[in-house]
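Visitor: Could you choose one part of this structure and take me through it closely, with the reasoning spelled out? I should also like to learn how that part fits with the rest.

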Amino acid sequence: MFVIRLPNGHLLAPESAMDHEGQVIGDAYIEVSPADPEYARLASQAISEEEMDRRRRRWREDDEALRREFEDYLADARRDAGPGESPGG
């Protein structure tokens with residue numbers, strides 16, 4: 001999860017929700033204003049919304065390339081296994 005700088009200057013920072021035993025029960029983003037004591041620390045690692053969008057697009061493209069490569073691998077394994085055999089066995 002990333003710290004995201006919003007156009008209004010605020011930040012969206014990741015925060016985990018914990019139960020009474022300290023176990024993580026969920027993750028969310030909270031909005032942090034420049035008045036917050038943690039703002040300077042978080043701002044130093046913040047990325048813009050545009051950069052986050054670029055990263056998401058790149059991840060999707062990389063995921064698609066990896067999916068195609070895996071499907072090609074499975075097709076080759078099936079072809080190599082021959083009729084009535086399972087790939088890898």
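Guide: Let us begin with aspartate 53, which is partly exposed, because its relative accessible area of 36% falls between the limits of 20% and 50%. The model in which this residue appears is a predicted one. Aspartate 53 has a charged partner: a salt bridge links it to arginine 56, with 3.5 Å between the closest N and O atoms. That distance satisfies the rule for a salt bridge because the limit is 4 Å. Both residues belong to helix α2, which covers residues 49–81, and they are three residues apart, or about one turn of the helix. Arginine 56 is likewise partly exposed, its relative accessible area being 38%.

Further along the helix, a second pair can be examined in the manner of the first. Arginine 67 and glutamate 64 join their side chains in a salt bridge, with a distance of 2.3 Å from N to O. About one helical turn separates arginine 67 and glutamate 64, because they stand three residues apart in helix α2. Arginine 67 counts as partly exposed at 38% relative accessibility, and glutamate 64 is partly exposed too, with a relative accessible area of 30%.

Arginine 67 also takes part in another salt bridge, this one with the side chain of glutamate 71, at 2.6 Å from N to O. Here the two residues of helix α2 are four residues apart, which is again about one turn of the helix. Glutamate 71, at 40% relative accessibility, counts as partly exposed. Through salt bridges that share partners, Glu64, Arg67, Arg68 and Glu71 are joined into one network. In total, the count comes to eight salt bridges.

Helix α2 does not consist of charged residues alone, since alanine 75 lies in it as well. Alanine 75 is partly exposed, because its relative accessible area is 29%, which is neither under 20% nor over 50%. This residue leads us to the rest of the protein by way of alanine 46. The two alanines are 29 residues apart along the chain, and 42 Å separates their C-alpha atoms.

Alanine 46 belongs to the largest nonpolar core, a set of eight residues that also includes Val3, Leu11, Ala13, Val32, Tyr39, Leu42 and Ala43. The elements giving two or more residues to this core are β2 (11–18) and α1 (39–43). Helix α1 supplies three residues, the largest share. A general tendency is at work in such sets: in soluble globular proteins, nonpolar side chains tend to be buried together. Valine 3, one of the core residues, illustrates how distant parts of the sequence meet. With neighbours within four places in sequence set aside, valine 3 is in contact with Leu11, Leu12, Pro14, Leu42, Gln45, Ala46 and Ile47.

Several strands should now be placed. The protein has two helices and four strands, and they follow one another along the sequence in the pattern β-β-β-α-β-α. The four strands form an open sheet in the order β3-β2-β1-β4, with mixed pairing. At its edges are β3 (24–32) and β4 (47–48), each of which pairs on one side only. Strand β1, residues 4–5, is joined to β2 by two bridges, and these two strands run antiparallel. Within that pairing, isoleucine 4 stands opposite leucine 12 in β2.

Finally, consider the overall form. The C-alpha trace spans about 70 × 35 × 15 Å along the principal axes. The radius of gyration is 22 Å, whereas a compact globule of 89 residues would have one near 12 Å. Buried residues account for 18% of the 89 residues. The exposed area is about 6900 Å², of which carbon and sulfur atoms supply 50%. Among contacts with a separation of 6 or more, 42% are between residues 24 or more positions apart.

To return to the part with which we began, helix α2 holds the pair formed by aspartate 53 and arginine 56, and it holds the pair of glutamate 71 and arginine 67 as well.

Note on methods:
Residues numbered from 1 in each chain as written. Predicted model: local features only at pLDDT ≥ 70, side-chain atom pairs only at ≥ 80, totals over all residues. Heavy atoms only, no water. Buried < 20%, exposed > 50% of the residue type's maximum accessible area, 1.4 Å probe, protein only. Core = buried A, V, L, I, M, F, W, Y, C linked by side-chain atoms within 4.5 Å. Contact = heavy atoms within 4.5 Å. Rg over C-alpha atoms; globule rule 2.2 N^0.38 Å. Areas by Shrake-Rupley, 256 points an atom, 1.4 Å probe, with all protein chains shown as cover. Pairing = 2+ DSSP bridges.
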